[in-house]
Amino acid sequence: KKRNHGEVEFHQAVEEVLLSLEPVIAKHPEFVEAGILERIVEPERQIIFRVPWVDDQGKVQVNRGFRVQFNSAIGPYKGGLRFHPSVYVGIIKFLGFEQIFKNSLTGLPIGGGKGGSDFDPKGKSDAEVMRFCQSFMTELYRHIGQDVDVPAGDIGVGGREIGYMYGQYKRLKNAYEAGVLTGKGLTYGGSLARTEATGYGLVYFVREMLKEHGHSYEGKTVVISGSGNVAIYACQKAQSYGAKVVAMSDSNGYIYDKNGINLATIRQLKEVERKRISEYVKHHPEAEYHEGFSNIWSIKCDIALPCATQNDIDVPQAEMLIKNGVLAVGEGANMPTTNEAIKLFLEKGVLLAPAKAANAGGVATSALEMSQNSMRLSWTFEEVDAKLDAIMVNIFNASKDAAAKYGIPGNYVAGANIAGFLKVANAMMAQGLV
Ligand code: NDP
């Protein structure tokens with residue numbers, strides 16, 4: 001903690017993983033001898049850089065850019081870029097650390113990394129976003145590459161931003177290298193089903209978890225926090241399985257629609273018009289809008305899918321969910337549940353699908369996008385979606401089996417950490433002290 005002073009989110013993520021690895025370490029003293037734990041919490045490389053750009057008023061703005069290349073034991077660094085005013089090194093490091101284990105769980109050859117900036121895309125014009133993205137890439141390009149480090153989207157970085165960054169990368173490199181970024185548009189190397197992948201993958205993972213415990217989505221009430229990329233496609237897939245999604249949010253507040261959320265309205269507001277979720281009630285006057293996003297968890301539901309940001313569910317929110325009889329929680333966002341809330345859910349027998357496993361469908365499909373770019377061909381939506389579904393089933397089984405093997409059956413949080421860790425640790429052992 002002294003060495004990574006003030007990086008509270010990073011401490012939280014490391015504590016959660018290391019505690020669950022205790023039974024593994026007890027069985028594998030060779031990991032201790034080789035310093036695996038000390039090495040795995042230290043990024044291989046961290047890059048922090050200045051991003052100057054000019055706003056529409058002609059004024060110079062300066063933001064800070066980050067790329068943390070955390071672990072390349074099993075493949076090139078891979079992980080998204082987050083553009084949000086809260087971004088600092090502690091956020092990027094927590095995300096990069098989690099990404100190591102998540103990427104390992106996908107079964108695909110990708111290492112862990114993450115990046116971003118404290119730039120706030122909200123309220124900026126397209127031209128400002130483009131100038132920022134071009135400046136960001138003008139520094140980042142020298143550190144990435146299809147065999148080195150492959151960034152993607154995250155909060156505040158969607159198809160528009162990836163397009164601007166890819167355009168600038170191509171201009172600087174003057175080479176065909178589509179595999180350097182994922183989440184690209186379909187006309188220039190993007191993969192079908194990548195946009196949907198994280199949300200769909202989450203719903204597939206939770207489907208497996210429900211099935212294992214004798215339940216299904218049919219007739220269940222679902223609450224989803226967020227209304228961005230992950231939330232929208234989680235909603236779509238859950239609805240297609242017969243669940244009723246009654247609430248969604250953004251960083252200002254949440255909507256409750258007892259008749260079930262009309263996703264077409266949400267998509268129009270969020271994907272096309274870039275408006276606030278409060279506008280939903282103008283189109284559906286029977287729905288309610290409430291200021292403040294964290295009270296969304298006071299709504300009674302069977303399945304909670306936090307898909308907004310970290311630390312969305314702390315102990316008071318977990319207590320509300322438990323009091324209302326929640327059956328399962330599926331983490332679409334990264335680290336949406338605090339360590340204390342995780343403990344509470346597990347003690348009370350709530351089924352918990354951890355982010356590292358449950359939201360790995362996005363990065364898995366990014367790796368499928370890289371494969372298609374290397375082969376210079378594209379698979380159909382159905383092919384990619386079928387591969388994604390199979391990957392999510394494998395991740396669920398790997399998490400379940402690891403939990404059972406280490407004497408904690410049903411604890412998918414620890415199971416995912418253990419299964420993800422073992423592959424990386426063994427690769428690090430084989431590659432010597434690097
Ligand atoms: P988006 O930017 O598309 O959407 C984020 C949503 O969460 C928005 O509704 C946003 O509201 C809300 N939100 C963001 N920050 C906060 C905050 N501090 N407080 C309250 N609400 C907030 O991002 P994504 O959907 O891509 O990402 C959501 C989560 O999923 C993140 O944790 C991300 O790391 C994780 N994730 C994403 C993957 C992907 O493929 N996109 C893959 C794996 C994980 P507002 O619009 O008001 O800001």
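**Binding-site residues and the ligand shell**

The unreviewed UniProt entry annotates Lys78, Gln99, Lys102, Gly153 and Ser366 as "binding site"; positions follow the numbering used here, feature names are shortened, and such annotations may be inferred rather than shown by experiment. The model is predicted, with local features needing pLDDT of at least 70, side-chain atom pairs counting only at pLDDT 80 or more, and totals for chains, interfaces and linings using all residues. Residues are numbered from 1 along each chain as its sequence is written.

User: Why is Lys102 called buried?

Analyst: Buried takes 20 or more other C-beta atoms within 10 Å of a residue's own, exposed takes 12 or fewer, partly exposed is in between, and C-beta atoms are placed from the backbone. Lys102 has 28, so buried it is.

User: And what makes Ser366 count as buried?

Analyst: Ser366 has 29 C-beta neighbours inside 10 Å, so it gets that label too.

User: How do you know what Ser366 touches?

Analyst: Contact means C-beta atoms, placed from the backbone, within 7 Å. Leaving out residues up to four places away in sequence, Ser366 touches Lys78, Ala152, Thr182, Gly183 and Arg194.

User: Why say the ligand shell lies between domain 1 and domain 2?

Analyst: Both domain 1 (8–180) and domain 2 (195–358) give residues to the shell, so it lies between them. The bounds come from an automatic or database domain assignment.

User: Which residues come nearest the ligand?

Analyst: Of the 24 around the ligand, they are Gly228, Ser251, Ala308, Ala333 and Gly362; being near means a C-beta atom, placed from the backbone, within 6 Å.

Technical notes. Two residues are in contact if their C-beta atoms, placed from the backbone, lie within 7 Å.
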